[in-house]
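Please find below a short note on the model now before you, set out as numbered points. Each point takes up one residue or element and its surroundings.

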Amino acid sequence: QVRLVESGGGLVQPGGSLRLSCAASGFTFNNYAMNWYRQAPGKGRELVASIGGTGVTAYVADSVKDRFTVSRDNSQNTVYVQMNSLEPEDTAVYYCNVGVDGFWYWGQGTRVTVSS
């Protein structure tokens, strides 16, 4: 079955960096685009970044453009988001997401807290 496991979250000071990872299994990873969402306290889930199956095409939300970079390693079935210049507004639970055969799958999320 499809499984997504995020890691790499934590507490970081404003201006700091984190790299989140999402390890995927249960489907042919390089055939599918992968997405990163986040959900801040009291807010809805927001699409942060997406990357195509080959890694050639990528999208990053305007709210994090120039600070976040999405990438993937198809040999490791893993997708990443590199987050630089973090701001308190980036505090959220970050989720990995994929659509496979008409279903959406989510990981359990990894919490990022940006605070001094």
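1. In this predicted model, Arg67 touches Gln82, Met83, Asn84, Ser85, Leu86, Glu87 and Asp90, leaving aside residues up to four places away in sequence. Arg67 itself is placed in the loop between β6 (58-60) and β7 (68-73). One polar contact of Arg67 can be given in detail: a polar atom of its side chain lies 3.0 Å from the backbone oxygen of Ser85.

2. Is Arg67 buried or exposed? The relative accessible area of Arg67 is 10%. Because the limit for a buried residue is under 20%, Arg67 counts as buried.

3. A second loop residue deserves attention. Thr91 sits between β8 (78-83) and β9 (92-100). Its side chain makes two polar contacts with backbone atoms: the backbone oxygen of Pro88 is reached at 2.9 Å, and the backbone nitrogen of Val114 lies 2.9 Å from a polar atom of the Thr91 side chain.

4. Which residues does Thr91 touch, not counting those up to four places away in sequence? They are Ala40, Pro41, Val112, Thr113 and Val114. Val114 thus appears both in this list and as the partner in a polar contact with Thr91. With a relative accessible area of 19%, Thr91 is classed as buried, because the class takes in values under 20%.

5. For contrast, the reader may turn to strand β6, where Ala58 lies. Ala58 has a relative accessible area of 53% and is therefore exposed, the cut-off for that class being over 50%. Not counting residues up to four places away in sequence, Ala58 touches Ser50, Ile51 and Val70. As for distance across the model, the C-alpha atoms of Ala58 and Gly10 are separated by 25 Å, and the two residues are 48 apart along the chain.

6. The next matter is the sheet. How are its 4 strands ordered? The order is β1-β3-β8-β7, in an open sheet with antiparallel pairing. The edge strands are β1 (3-7) and β7, each of which pairs on one side only. On average, neighbouring strands of this sheet are turned by 15° against each other, with direction ignored.

7. Within that sheet, the pairing of β7 with β8 can be followed more closely. These two strands run antiparallel and are joined by 6 bridges. One pair may be named: Asp73 has Thr78, in β8, as its bridge partner.

8. How many disulfides does a search of the whole structure find? The search finds 1, and this disulfide joins Cys22 to Cys96 with an S to S distance of 2.1 Å. The pair links distant parts of the chain, with Cys22 in strand β3 (residues 18-25) and Cys96 in strand β9, 74 residues apart. The link between Cys22 and Cys96 is left-handed, with -80° about the S-S bond. A disulfide is a covalent bond between the sulfur atoms of two cysteines.

9. Finally, the accessibility of the two cysteines should be noted. Cys22 has a relative accessible area of 0% and is therefore buried. Cys96 likewise is buried, at 0%.

Conventions
Residues are numbered from 1 along each chain as its sequence is written. This is a predicted model: local features need pLDDT of at least 70, side-chain atom pairs count only at pLDDT 80 or more; totals for chains, interfaces and linings use all residues. Side-chain values use heavy atoms; hydrogens and water are left out. Buried means under 20% relative accessible area, exposed over 50%, partly exposed in between (1.4 Å probe, protein chains only). A polar contact is a pair of N or O atoms within 3.5 Å; within protein, one must be able to donate a hydrogen and the other to accept it, and residues adjacent in sequence count only if both atoms are side-chain atoms. Contact means heavy atoms within 4.5 Å. A disulfide is a pair of cysteine sulfur atoms within 2.5 Å. Two strands pair if DSSP finds at least two bridges between them. Axes are lines fitted to C-alpha atoms, for helices over the stretch in contact, and angles run from 0 to 180 degrees between N-to-C directions.
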